[in-house]
Amino acid sequence: MNARDAAIEDFSARYGGDPETVLRAPGRVNLIGEHTDYNDGFVLPMAIDQAIWVALRKRDDRLVRLSSVGNGQVDFDLDALVPDTDDWAEYVKGVAWAMGGSDLVGWEGSIASDIPIGAGLSSSAAIEIAATLAFATVSDQHWDPVTAARTSQRAENEWMGMPCGIMDQLIIAAAAEGRASLIDCRTLDMTPVRLPDDVAVVILDTATRRQLVESEYEDRRKSCELAAGTAGVPALRDLSIDDVAQLSSIVDETTFRRTRHVVSENARTIEAAAALDRGDTARFGTLMAESHRSLRDDFEVSSEALDLIVDIASGLEGCLGARMTGAGFGGCAVALVAESTVPAFVDEVIASYEDTTGLTPSAYVSMPVAGAGISRQ
């Protein structure tokens with residue numbers, strides 16, 4: 001049973017009758033541009049066909065009753081919003097708080113998802129965006145994707161305590177059907193980028209999950225802010241490669257390398273979008289490889305599992321490039337693969353990785369999909 005049908009079935013079993021609304025919010029994979037969004041930089045993500053689905057019905061009071069298929073049920077009152085636990089429902093509660101709470105209406109709903117949890121494909125941002133759409137729908141509010149992304153980011157930053165940038169929320173809310181997006185994380189301008197028809201995006205799940213990513217993430221963000229302050233600029237986005245060289249004598253080695261990653265990654269991301277736009281997949285693949293090395297050696301957010309699966313993928317016929325994706329420390333890599341070689345590529349990556357590690361990875365061949373919306377099916 002797919003996630004959409006699972007949400008509808010769970011709704012009918014728990015609440016009786018049919019839902020009034022069914023909505024979806026996709027996951028995302030970032031093709032290139034990692035740890036640049038909170039530096040006002042550039043990213044190139046796309047929304048993927050794995051998604052969170054919510055079947056819901058408006059209530060006449062201010063109670064929110066939610067069930068998550070396989071994860072139980074949670075109730076909360078919009079007049080008594082307080083942090084409670086670290087479970088999935090806190091993302092919904094945080095969004096209600098960030099939306100102002102007092103103008104919202106209660107609802108009952110069932111949530112189902114086929115986005116792998118903790119894999120770096122933004123399941124948390126997807127549930128946040130789904131919640132903004134659900135609250136706006138039942139409360140008869142206009143839903144604007146960019147506003148929803150800002151609201152969801154605030155919930156993540158201030159309610160959940162995770163100092164993320166806005167990339168995940170924005171691409172999940174506002175992705176264009178069939179396109180990746182070059183996002184300027186300072187202006188939030190989004191430029192659609194078409195993937196050539198003869199290639200496929202393959203997401204490679206290492207079957208490992210991130211550990212201590214929140215503290216490591218915050219540490220790297222502080223390093224970036226320190227470097228920007230030392231250089232006298234608002235964010236690392238404002239530095240050139242030549243500027244970075246001048247920092248080497250006035251910041252510590254770790255801060256220097258992290259700065260070098262962000263500044264070089266911004267340049268790679270802009271070039272990569274242009275390469276895809278003109279169909280130069282070979283150059284795009286080279287930039288993916290450079291990105292992974294920079295994330296591994298300068299920013300130090302890769303892992304043995306990610307390095308291994310990237311090395312395996314990169315050595316196979318048809319692979320144009322591969323890199324880790326997401327915050328790092330585990331989770332997924334992403335590869336750009338010639339369409340004709342995808343079945344053999346997937347089989348060989350899985351077999352080789354499993355033979356080496358004893359872990360069974362997963363591979364998802366993904367197409368870029370539209371951002372969050374109401375289901376019309």
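**Notebook: loops, arginines and helix packing**

I began with A207, which at 36% relative accessibility counts as partly exposed. The model I am reading is a predicted one. A207 belongs to the loop between β8 (199-205) and α6. I looked up its backbone and found a positive phi of about 65°, although A207 is not a glycine.

D40 was my next entry, for its backbone angle. Phi of D40 is near 60°, again a positive value in a residue other than glycine. I place D40 in the loop between β1 and β2. At 23% relative accessibility, D40 counts as partly exposed, because buried would require under 20%.

**Two arginines**

I then turned to R59. Is R59 buried or exposed? I have it as buried, because its relative accessibility is 17% and the cut-off for buried is under 20%. The residue is in a loop, the one between β2 (42-58) and β3 (63-68). I listed what R59 touches beyond four places in sequence: R65, V105, G106, W107 and E108.

I followed E108 further. R59 and E108 are 49 residues apart in sequence, yet their C-alpha atoms are 6.8 Å apart in space. Their side chains make a polar contact at 2.9 Å. I also noted that a polar atom of the R59 side chain lies 3.5 Å from the backbone oxygen of L63.

R28 is the second arginine I looked up, and it sits in strand β1 (residues 21-32). R28 counts as buried, because its relative accessibility is 3%. What does the side chain of R28 reach at 2.8 Å? I found the backbone oxygen of G120 there. The contacts of R28 outside four places in sequence include P45, M46, A47 and I48, then G120, L121 and S122. I also wrote down M167, D168, I171, I172 and G326 as contacts of R28.

**Helix α5**

M167, D168, I171 and I172 had come up as contacts of R28, and I went on to helix α5 (residues 167-174). How many of the residues of α5 are buried? I count it as mostly covered, with 7 of its 8 residues buried. The buried ones are M167, D168, Q169, L170, I171, I172 and A173. I checked what they pack against and found β1, β2 and α3, along with α4 (145-159), β6 (179-184) and β7 (190-194).

**Helix pairs**

Two packed helices are described by the angle between their axes and the distance between the axes, and I looked up both values for each pair.

Helix α2 (residues 89-98) packs with helix α3 (residues 123-138) at an angle of about 50°, and the axes are 9 Å apart. On the α2 side the contact is made by Y91, V92, V95 and A96. On the α3 side I have S124, I127, E128, A131, T132 and F135. I call α2 and α3 oblique to each other because an angle of that kind is neither under 35 degrees nor in the range 65 to 115. I noted a right-handed crossing where α2 passes α3.

The second pair is helix α10 (residues 304-314) with helix α11 (residues 342-357), whose axes cross at roughly 140° and come within 10 Å. Why are α10 and α11 oblique rather than roughly antiparallel? I settled this by the cut-off: roughly antiparallel needs an angle over 145 degrees, so α10 and α11 are oblique. The crossing of α10 and α11 is right-handed. In α10 I listed A305, L308, I309, I312 and A313, which meet F345, V349, S352, Y353, T356 and T357 in α11.

**Helix α9**

I looked up the span of helix α9 (residues 281-297), which has 17 residues. The helix reaches 24 Å from its first C-alpha to its last, close to the 24 Å expected at 1.5 Å a residue. Its buried residues are T281, F284, G285, L287, M288, S291, H292, S294 and L295.

**Two serines**

I closed with S102 and S223. S102 is in the loop between α2 and β5 (107-113). I have S102 as exposed, because its relative accessible area is 58%. The C-alpha atoms of S102 and R62 are separated by 9.2 Å, with the two residues 40 apart along the chain.

S223 lies in helix α6 (residues 213-231). I have S223 as buried, because its relative accessible area is 10%. Setting aside residues up to four places away in sequence, I found that S223 touches T255 and R258.

Definitions and conventions:
Residues are numbered from 1 along each chain as its sequence is written. This is a predicted model: local features need pLDDT of at least 70, side-chain atom pairs count only at pLDDT 80 or more; totals for chains, interfaces and linings use all residues. Side-chain values use heavy atoms; hydrogens and water are left out. Helices (H or I, at least four residues) and strands (E, at least two) are DSSP runs, numbered from the N terminus. Buried means under 20% relative accessible area, exposed over 50%, partly exposed in between (1.4 Å probe, protein chains only). Contact means heavy atoms within 4.5 Å. A polar contact is a pair of N or O atoms within 3.5 Å; within protein, one must be able to donate a hydrogen and the other to accept it, and residues adjacent in sequence count only if both atoms are side-chain atoms. The expected span of a helix is 1.5 Å times one less than its number of residues. Axes are lines fitted to C-alpha atoms, for helices over the stretch in contact, and angles run from 0 to 180 degrees between N-to-C directions. A crossing is left-handed if the near helix is turned anticlockwise from the far one by less than a right angle, and right-handed if clockwise.
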